[in-house]
Amino acid sequence: MNILIINGSPRKKGLISQMLSIMQEEAETQGDTVEMVYTNDLTVKPCAGCMACRAKEKCVLAEDDSQRVLKMMQQADAIIMGAPCYWGNIPGQMKLMFDRQVYGMMRDTNRFPEPLMKGKKCILISTCTTPWPWNILFKQSRGAIRAMREIARYAGFKIVSTIERGGTAMHPELTEKDKQKCRKAINKLYIIKIKNSNDY
């Protein structure tokens, strides 16, 4: 498989980055091709809200990294999105990128949006300082997962696994259980792949 990892964390040695690196290593061990994009390294202008891309099916702004990453997403078999929680949501730079990619992820119709990424698998992960279970109840890591799920759902991705890790202020190190969750999430991609192969 061709897997694209979208890292929404500005901290390249933070927990999100560590978790995504574990997933990358696991996937590469399985023989997959993996690329990782750091959204904070991208040059992306804000969406102008002109809505022209809905009709033209391309962005009218000058080409930047948002289009480059969109092409990578279109070529990938699976996407892994990871983001820390910022105010119960994903970081702004990550949101900025997705705002500019709407035309390539879903198409407007007279009834319901048409997903353009249908058939691709997706894994979502988020971390936050709020400890469990408050990270869920107060919609902190759950809020970031919700935002990514919304993007994935309308684009047509099949979400095979989500991971939420709260309490990062009190427990800043990954546990063996955390690492195992990352490996299990990657392996769910293969279970679905095997199942789909057996359907033919």
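In this predicted model, the structure holds 0 disulfides. Two cysteines show how the distances work out. Cys59 finds its closest cysteine sulfur in Cys53, and because the two sulfurs lie 6.4 Å apart, they are too far for a bond. For Cys128 the closest cysteine sulfur belongs to Cys85, at 5.3 Å, so this pair is also too far for a bond; a disulfide would call for sulfur atoms within 2.5 Å. Cys59 counts as buried because its relative accessibility is 18%, and Cys128 counts as buried because its value is 6%.

Turning to the overall fold, the chain contains 8 helices and 7 strands. Its C-alpha trace spans about 50 × 45 × 30 Å along the principal axes. The radius of gyration is 17 Å, which agrees with the value near 16 Å for a compact globule of 200 residues. Of the 200 residues, 48% count as buried. Among contacts with a separation of 6 or more, 76% link residues that are 24 or more positions apart.

At the start of the chain, strand 1 (residues 2–7) pairs with strand 2 (residues 33–38) in the parallel sense, over 6 bridges. Ile5 has Met36 of strand 2 as its bridge partner. Together with helix 1 (residues 15–29), these two strands make a right-handed β-α-β unit. Beyond strand 2, in the loop that leads to helix 2 (52–56), sits Thr39. Thr39 counts as buried, since its relative accessibility is 1%. Leaving aside neighbours within four places in sequence, the contacts of Thr39 are Ile6, Asn7, Gly8, Gln93, Met94 and Met97.

Strand 6 offers a neat case of burial on both sides. This strand is mostly covered, with 7 of its 7 residues buried. In a regular strand the side chains alternate between the two faces of the sheet. Accordingly, Lys121, Ile123, Ile125 and Thr127 point one way from strand 6, while Cys122, Leu124 and Ser126 point the other way. Strand 6 runs parallel to strand 3, to which 7 bridges join it, and Gly82 stands opposite Ile125 in this pairing. Strand 7 (residues 158–165) is likewise parallel to strand 6 and joined to it by 7 bridges; here Leu124 stands opposite Thr162.

The largest nonpolar core has 35 residues, and those with the most contacts inside it are Leu4, Met73, Met81, Phe98, Met105 and Phe157. At least two residues of this core come from each of strand 1, helix 3 (65–75), strand 3 (78–84), helix 4 (92–100), helix 5 (102–105), strand 6 (121–127) and helix 7 (141–155). Helix 7 gives the most, with 7 residues. Met105 illustrates the packing: not counting residues up to four places away in sequence, its contacts include Leu70, Met73, Phe98, Pro115, Ile151, Tyr154 and Phe157. A second, separate core has 24 residues, among them Met1, Ile5, Leu20 and Ile22.

Helix 3 deserves a final look. Its buried residues include Asp65, Ser66, Gln67, Val69, Leu70, Met72 and Met73. The cover over the buried residues of helix 3 includes strand 1, strand 2, strand 3, helix 4 and helix 5.

Conventions:
Residues numbered from 1 in each chain as written. Predicted model: local features only at pLDDT ≥ 70, side-chain atom pairs only at ≥ 80, totals over all residues. Heavy atoms only, no water. Pairing = 2+ DSSP bridges. Helix = DSSP H or I, 4+ residues; strand = E, 2+ residues; numbered from the N terminus. Right-handed = clockwise from strand over helix to strand, strands pointing away. Core = buried A, V, L, I, M, F, W, Y, C linked by side-chain atoms within 4.5 Å. Buried < 20%, exposed > 50% of the residue type's maximum accessible area, 1.4 Å probe, protein only. Contact = heavy atoms within 4.5 Å. Rg over C-alpha atoms; globule rule 2.2 N^0.38 Å.
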